[in-house]
Amino acid sequence: MRGKIRYQKELQKTYLVAEECGKERLENYCGQMVLRGRIRGLAKCGIHLMDGRREIWYDISFLQPLEQVFAVKELVYHDLRQLTLHMIQVVNEMERYLLDGGQLCFEPQFLYWDMETETPVFLFDFTEDDTINSLRALGEFILERSCHEEEKTVDLAYFLYEKLSGESFSVKEVEQYLEEHGDWTADKHTVPERIEKETKSTGIEITEDTDRRIKPATEEKENSRENTETYDAEKSLLWNESYHREDPEKNPCFSVAGEGKGTRNPDLPVF
């Protein structure tokens, strides 16, 4: 992220303010999708007009920069794994919306960490297009701050350093590495995919995921109700036939003819 950066505090909110942002980046499709908060894992942001210029205000309340969190303590395997998994899933979700995952801020000073959930929160960079140096800075930070006493941590750190420092960064290669080491499948849905939410008249937010869960349950309930109604109707019919066979005098509309078969009495009216 380039240009002048400052921090603004208002009541209980803290913001990172980027003063230099291209107008085209704010008004194009990518910019609008990010500003509307469609991507899970990104910090919420908005446009403020100050002295005739547009500024991007990122909400970083209750978040800490990655370089500050791990300035003293080391990145253990759990932390590095969380960082890697969430980075992959945020980039994949951005690609689902046809957004460029390379526009994320990967510099440790602009990559934030949620202390409560122990997950990273990314900023979408509106100030520049080239993020190669950003990726390299993250790779160097990971290599330097990882715990060198854990073999799995060292292996993953060196692997990420190689990939982040290369000419191009492939998410698929990182996914494959984690799958081979059994660290991706179990947490493949750690960050649920977030589809554009639609608020129904009931006030319930429905997403594609919840719809997949609700629809089968609803169909099963409807089928169960239909089966119950059919069963009750058949049961009622059998009970009536048995009732009339045993004591036809209780129902004058029926008389016994032949071998216990109930027939309607023709002398009585039909209701």
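This tour walks through a strand region, a pair of helices and one buried residue, with a selection to make at each stop.

Before you start, note that the model is predicted, so that local features need pLDDT of at least 70 and side-chain atom pairs count only at pLDDT 80 or more, while totals for chains, interfaces and linings use all residues. Residues are numbered from 1 along each chain as its sequence is written, and side-chain values use heavy atoms, with hydrogens and water left out.

**Stop 1: strand 4 and its partners**

Select residues 53-59, which form strand 4; strands here are DSSP runs of E with at least two residues, helices are runs of H or I with at least four, and both are numbered from the N terminus. Five of the seven residues in strand 4 are buried, where buried means under 20% relative accessible area, exposed over 50% and partly exposed in between, with a 1.4 Å probe and protein chains only.

Now add residues 45-50, strand 3, which pairs with strand 4 in the antiparallel sense over six bridges; two strands pair if DSSP finds at least two bridges between them. Along this pairing, cysteine 45 stands opposite tyrosine 58, and methionine 50 stands opposite arginine 53. Strands 3 and 4 form a hairpin with two residues between them, and in the turn aspartate 51 has a positive phi of about 55°.

Next add residues 13-18, strand 2, which runs antiparallel to strand 4 and is joined to it by four bridges. Here valine 17 has tryptophan 57 of strand 4 as its bridge partner.

**Stop 2: helices 6 and 7**

Select residues 151-165 (helix 6) and residues 171-180 (helix 7), whose axes come within 11 Å and cross at roughly 165°. The axes are lines fitted to C-alpha atoms over the stretch in contact, and the angles run from 0 to 180 degrees between N-to-C directions. Helix 6 and helix 7 are therefore roughly antiparallel to each other, a term used for angles over 145 degrees. To see the contact (heavy atoms within 4.5 Å), show Asp155, Leu156, Phe159, Leu160 and Lys163 of helix 6 together with Glu173, Val174, Tyr177 and Leu178 of helix 7.

**Stop 3: valine 90**

Finally, select valine 90, which lies in helix 4, residues 77-96. Valine 90 counts as buried because its relative accessibility is 2%. Leaving aside residues up to four places away in sequence, valine 90 touches Arg40, Gly41, Leu42, Leu104 and Phe122. Phenylalanine 122 is 32 residues from valine 90 along the chain, and their C-alpha atoms are separated by 8.5 Å.

Note on methods: Parallel < 35°, antiparallel > 145°, perpendicular 65-115°, else oblique.
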